[in-house]
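Hi,

Here is the structure I promised to send over. Have a look at it first, and my notes follow underneath.

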Amino acid sequence: MKNLGLTNTLLVASAGATLVFAASPSHAAVINISDFTGWQSTGNVNLSNEQAALFTGDGMSSNGVSDAALEAFLGLTKGTLDAFNGQNVTDGSAIKNTLTVQAGDVLTFDWHFQAGDYLPYNDFSFFSVGTSLNRLADVLQVGNFGQTASRTAYTFTTGGTYTIGFGVVNTFDRSLGSNLIVRRSGGDEPVPEPVTIVGSLAAGAFGVVLRYKKKQQEKANSDV
Ligand SMILES: [Ca+2]
Ligand SMILES: [Ca+2]
């Protein structure tokens with residue numbers, strides 16, 4: 001992203017959501033998400049100015065919504081998530097907003113995926129642009145109970161108005177939830193915060209044995 005002054009920044013408010021367009025000298029613009037409070041959500045989601053935190057169901061305290069409900073919410077054809085994953089997606093959470101762009105515009109965001117499950121339960125996180133799905137990370141990539149953080153820049157090849165969505169889902173069953181955090185790109189805070197990493201690793205180390213046992217007990221009740 002170009003380092004431009006405020007005079008070059010156009011603030012566009014749409015349906016309560018704020019997206020910052022930092023105009024570059026060329027035609028294309030870099031689009032940062034500056035506030036998540038105006039985004040629509042379904043499932044178990046926490047929205048703030050700085051970030052959106054999305055959680056799958058976990059069979060205990062967290063409730064997601066069905067994959068069919070997620071597809072309807074995001075404007076995806078029914079069955080898209082199962083087909084995309086090649087495995088049965090069961091539940092999850094999602095957020096969405098509408099964005100009008102020109103060809104060449106770039107949407108940037110930081111994200112962090114925490115897998116709370118192990119293979120073959122390939123929980124995954126994604127973002128959608130219109131009806132196209134893009135994988136962010138899954139258990140297969142980060143390993144059992146693993147995590148990863150990255151920055152994604154998506155270039156729109158065609159101008160228009162798009163529904164932009166983010167989601168995280170369970171695969172095969174609805175237990176051992178995973179989560180996705182999305183943040184505006186270019187913020188001062190690292191993604192994820194060091195304290196969060198330490199806490200997650202500690203919790204993972206202590207929880208792994210219990211989680212395997214728990215899953216074996218639940219296997220007979222697994223959702224399909
Ligand atoms: Ca399914
Ligand atoms: Ca899971």
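**What I found**

Of the protein's 224 residues, 39% count as buried. Keep in mind as you read that this is a predicted model. The secondary structure adds up to four helices and 14 strands. If you take the contacts with a separation of 6 or more, 69% of them are between residues 24 or more positions apart.

On to the core. The largest nonpolar one has 43 residues, and the members touching the most others are Ala52, Leu54, Phe166 and Leu180. Phe166 makes a good place to start looking: setting aside neighbours within four places in sequence, its contacts are Ala52, Leu54, Ala94, Ile95, Phe127, Leu180 and Val182.

Next, helix α1, which covers residues 67-74. Its buried residues are Asp67, Leu70, Glu71, Phe73 and Leu74. Looking down the axis of α1, these fall within an arc of 160 degrees, so they line one face of the helix. What do they pack against? The partners are β4 (40-42), β7 (65-66), α2 (80-85), β8 (89-101), β10 (124-129) and β13 (160-171). Just past the end of α1 you will find Gly75, with a positive phi of about 80 degrees.

One last residue to click on is Arg174, in the loop between β13 and β14 (179-184). Is Arg174 buried or exposed? Arg174 has 23 other C-beta atoms within 10 Å, and the cut-off for buried is 20 or more, so it counts as buried. Its C-alpha atom is separated by 9.8 Å from that of Asp123, and the two residues are 51 apart along the chain.

Cheers

Notes. Residues are numbered from 1 along each chain as its sequence is written. Chains are lettered from A and ligands numbered from 1 in the order in which they are written. This is a predicted model: local features need pLDDT of at least 70, side-chain atom pairs count only at pLDDT 80 or more; totals for chains, interfaces and linings use all residues. A residue is buried if 20 or more other C-beta atoms lie within 10 Å of its own, exposed if 12 or fewer, and partly exposed in between; C-beta atoms are placed from the backbone. Helices (H or I, at least four residues) and strands (E, at least two) are DSSP runs, numbered from the N terminus. The arc is that of the directions from the helix axis to the C-beta atoms. Two residues are in contact if their C-beta atoms, placed from the backbone, lie within 7 Å. A nonpolar core is a set of buried Ala, Val, Leu, Ile, Met, Phe, Trp, Tyr and Cys residues joined through C-beta atoms within 7 Å.
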